[in-house]
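Student: I should like a close look at a single part of this model. Please describe one strand and its neighbours in a connected account, with the criteria stated.

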Amino acid sequence: MKAGTRHASTRNKNTMKSFFVTGGAGFIGSEFVRVLLKAYPEARVVNYDALTYAGSLANLADVDPERHTFVRGDIRDKAAVLAAMPEGVDAVFNFAAESHVDRSIASADDFVTTNVVGTQVLLDCAREKRAGRFVQISTDEVMGTLPESDDAFFTEDSPLAPNSPYAASKAAAEHFVRAARETFGLDTVITRCGNNYGYRQFPEKLIPLMISNALNDEPLPLYGDGLNVRDWIFVTDHCEAVLRVYEEGRPGEAYNIGARNPLKNIDVVESILDHLGKPHSLIKPVEDRLGHDRRYAIDPAKIETELGWKARIGWEEGLARTIEWYRSR
Ligand SMILES: NC(=O)c1ccc[n+]([C@@H]2O[C@H](COP(=O)([O-])OP(=O)(O)OC[C@H]3O[C@@H](n4cnc5c(N)ncnc54)[C@H](O)[C@@H]3O)[C@@H](O)[C@H]2O)c1
């Protein structure tokens, strides 16, 4: 099937649609709920989230309660998912996950049960409820690391080669998504995005941690030599890309999402300090993370050419917006 022919009905955004979003009280999921409700003015969204340490209802404070129903629940609990998921739901968007690499190194238990078992539970429920499409939010980390010295990029043909327990759990989840399609014919798509930044991110991740510490004149702990490269994208751009994949992506396909913005960690941290007028002497090198992937860089050519999506928010603008958001809190 050609791009642009799938889900043609989604182009009529004023039809009454029903969506099931998991992890919608987290950093990216809560932004996605906003993007979804804006794009589909008549839609109803059930937001299903366990409210772990990473989720917060405060992230949804400004969301229209008329069209958004929050259900506190665990994706590993099949009975609870079935009770919350509407029959014939138009799409399931699975953002729920344990998402922090360092925590997965300390213990992989919840990563396996939530990210792998939880995804399989959702796939079973989506079939049972005859969901129109299942959108799995994955990560570039499933593809492991790229050589430091060359200009290699992750493409959709890059092999899955996860290096951290977090990445391994997300790669395993992708396999179950594929299996649900191949075995049962469930309509699935997978998105693989790079590192997100923006509002409402839990301050254990690099950018909000560094902003918070810099605002408080506390040391900024930087892993190893600071030369690890991550490909950064503003959270709203990621969410709009996920929506585009839902609307136009070919069944069974994976789409890499990136803003062509690979940066060394040290450059990210120095940019934050420069924005805030703080000295670089606040940077404090700390012992490197175990198995720290060296370089991620995404080639987003497939989603750009096939689905016509492109990131809109540049690094300088996105970083300024993010810093202002944390500063104003
Ligand atoms: N943050 C990134 O840079 C990034 C990049 C690419 C992909 N992703 C993926 O995007 C998704 C969202 O990431 P995020 O950064 O917003 O994560 P997050 O940690 O901020 O939010 C995760 C949400 O999932 C919920 N959750 C966790 N376990 C659950 C369970 N068992 N049942 C129900 N809800 C549960 C949490 O309460 C939280 O609201 C994840 O799947 C992650 O793998 C994240």
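Tutor: The account below concerns strand S4, and a helix contact follows it. This is a predicted model, in which local features need pLDDT of at least 70 and side-chain atom pairs count only at pLDDT 80 or more, while totals for chains, interfaces and linings use all residues. Residues are numbered from 1 along each chain as its sequence is written.

Strand S4 comprises residues 91-94; strands (E, at least two residues) and helices (H or I, at least four) are DSSP runs numbered from the N terminus. In a regular strand the side chains alternate between the two faces of the sheet. Both faces of S4 are covered, with Ala 91 and Phe 93 buried on one side and Val 92 and Asn 94 buried on the other. A residue is buried if 20 or more other C-beta atoms, placed from the backbone, lie within 10 Å of its own.

S4 runs parallel to strand S1 (residues 18-22), to which four bridges join it, and also pairs in the parallel sense with strand S5 (residues 134-139) over three bridges. Pairing requires that DSSP find at least two bridges between two strands. Asn 94 is the bridge partner of Thr 22, and Asn 94 also stands opposite Gln 136 in S5.

Turning to the helices, the axes of H1 (residues 27-39) and H7 (residues 235-248) come within 9 Å and cross at roughly 60 degrees. Axes are lines fitted to C-alpha atoms, for helices over the stretch in contact, and angles run from 0 to 180 degrees between N-to-C directions.

Notes: Buried ≥ 20, exposed ≤ 12 C-beta atoms within 10 Å, placed from the backbone.
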